[in-house]
There are 2 protein chains.
Amino acid sequence: MEIKILLVEDEKKIAEALRKGLSEQHYAVDVAYDGMIGKKLFDSNTYDLAILDINLPLMNGYELCRYIRNHNEQMLVVMLTALNTTENKIEGFDAGADDYIVKPFDFQELLVRIRALLKRLHYPVTTGNVLKVGDLVMNLDSKEVTREGRAIPLTAKEFQLLEYFIRNKNKVVSRIDIALNVWDIDFDTKTNVIDVYVNFLRKKIEKDFSSKLIYTQVGMGYVLKENS
Amino acid sequence: MEIKILLVEDEKKIAEALRKGLSEQHYAVDVAYDGMIGKKLFDSNTYDLAILDINLPLMNGYELCRYIRNHNEQMLVVMLTALNTTENKIEGFDAGADDYIVKPFDFQELLVRIRALLKRLHYPVTTGNVLKVGDLVMNLDSKEVTREGRAIPLTAKEFQLLEYFIRNKNKVVSRIDIALNVWDIDFDTKTNVIDVYVNFLRKKIEKDFSSKLIYTQVGMGYVLKENS
DNA sequence: GATGGGTTTTAATGAATTTTTAATATGTTT
DNA sequence: AAACATATTAAAAATTCATTAAAACCCATC
């Protein structure tokens, strides 16, 4: 996947040096020499990241940054400027910038900062504690479960049971284990809740998917595992 | 819960100043004075972000950063150091850091850089003393709440409850969590104040607006989030 | 110290959802 | 095939939730 960068810088020498350096890193770079052209390019293309000088003709970097941010929350913005006061930096971040680099800077530093930002952009935004088994993802904070990226709504008990299975993946858990840990009851042979709930879970997390997850070990219990 | 920060800094004066400043911004801060304690705290807690000095006793900041990154790719890491060469910065980013700030630095700059990073993880954005979730804006100083720019008057308890929801955006909070953190009571099953107040809030912040904010997870609690 | 307006809490209702039971069907082991 | 274990289904029971109204509380003002 090609990463597209919009570079807006009016000092042609710097612009050209950056364009060359970034191209060598296999980024696809479009260059604008003033803010209005930068805005036009932004309007008519899809970029992953923008590098903006602040002192630009026609439309300054702060304004352009704000414009970009208002139209695209995802896109990364790096401010690149000689203005080195805390006020300037705060104004830059307030305008929605993701990083602020002061000239003169080392090109290598720009590169690693860009990489650090892109890394975050490509990580899916799963805040918090997640448990994973293959393509099954359980978010313990939002209580959301997905498989192959598709959301699977679970009730409280279903969620608890699946969590117990995941935490004991590849281990056969008996009905007594499950009763004790998920239902907080001494196993009472008269009930078959556990069987029923395993059935509920299977319908939700296996039925419309290609592979099995919960296997029955007759006489022993159940085990959740990835393959065969 | 709130946003949790792990601060590892051996110069006690700096550490204390940072801890104080960050706490005032409603971040929950744990402080370690050497790398090994930092590692132990990381192992036994869940943090959203780490601020690491590089020259640390027992285990330096690069090593700790690498350790954190190997065990948690989500967590944000900010390096904070007097080492101001490009080589140092590159080493920091290579170790998995998300930002690298050179001492002496302005505390305000650290704050805006932290905010810029948290924004990417879809945490509620705090600009100064303002919390934002989508078009909902809560000013902690003036105690004013607006949605789509329209003012929404809230009572003290309603405000506290909404603040708790916003600080726990995308996280399902149980009634026990809410009781403990907003009402300061051990949850007493006989009361349904929380349900009533959720109802109050919904009437004020959702009724006349296009999208829902507070969702019920039956048997688990409530969650405030932007979409579906 | 009483009064009154707003805030907070309790209590009660019905509706919605989840959990459990129970009965029947299917499968497994000896 | 018999005996036992598990799967499936539907309906009953239990729980949880939304909503409303009224009671209790708080606090500023008279």
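User: Which helices of chain A and chain B each supply at least two residues of the surface near DNA strand C?

Analyst: The model is predicted. Two helices of each chain meet that condition. In chain B they are α6 (156-167) and α8 (193-205), and in chain A they are α6 and α8 (193-205).

User: How many charged residues does the surface near DNA strand C have?

Analyst: In all, 21 residues surround DNA strand C, with Trp183(A) and Thr155(B) among the closest. By class, 13 of the surface residues are nonpolar and 6 are polar. The charged residues number 2.

User: What is the distance from the side chain of Thr155(A) to a phosphate oxygen of DNA strand C?

Analyst: Of the strand atoms within 4 Å of the protein, 65% belong to sugar or phosphate. Lys157(B) has a backbone N or O atom 3.1 Å from a phosphate oxygen, and a side-chain N or O atom of Thr191(A) is 2.6 Å from one. For a polar side-chain atom of Thr155(A), the distance is 2.5 Å.

User: Which three residues supply 20% of the area that chain A buries against chain B?

Analyst: Between chain A and chain B about 2,900 Å² is buried, with carbon and sulfur atoms giving 51%. No other three residues of chain A supply more of its share than Phe93(A), Arg113(A) and Arg120(A).

User: What is the N to O distance in the salt bridge of Asp98(B) and Lys119(A)?

Analyst: The rule finds 7 salt bridges across the interface of chain A and chain B. A salt bridge requires the nitrogen within 4 Å of a carboxyl oxygen. The side chains of Asp98(B) and Lys119(A) meet at 3.9 Å.

Conventions:
Residues numbered from 1 in each chain as written. Chains lettered and ligands numbered in written order. Predicted model: local features only at pLDDT ≥ 70, side-chain atom pairs only at ≥ 80, totals over all residues. Heavy atoms only, no water. Buried area = accessible area lost by both parts, 1.4 Å probe. Near = heavy atom within 4 Å. Polar contact = N/O pair within 3.5 Å; in protein donor to acceptor, adjacent residues only side chain to side chain. Helix = DSSP H or I, 4+ residues; strand = E, 2+ residues; numbered from the N terminus. Nonpolar A, V, L, I, M, F, W, Y, C, P; charged D, E, K, R; others polar.
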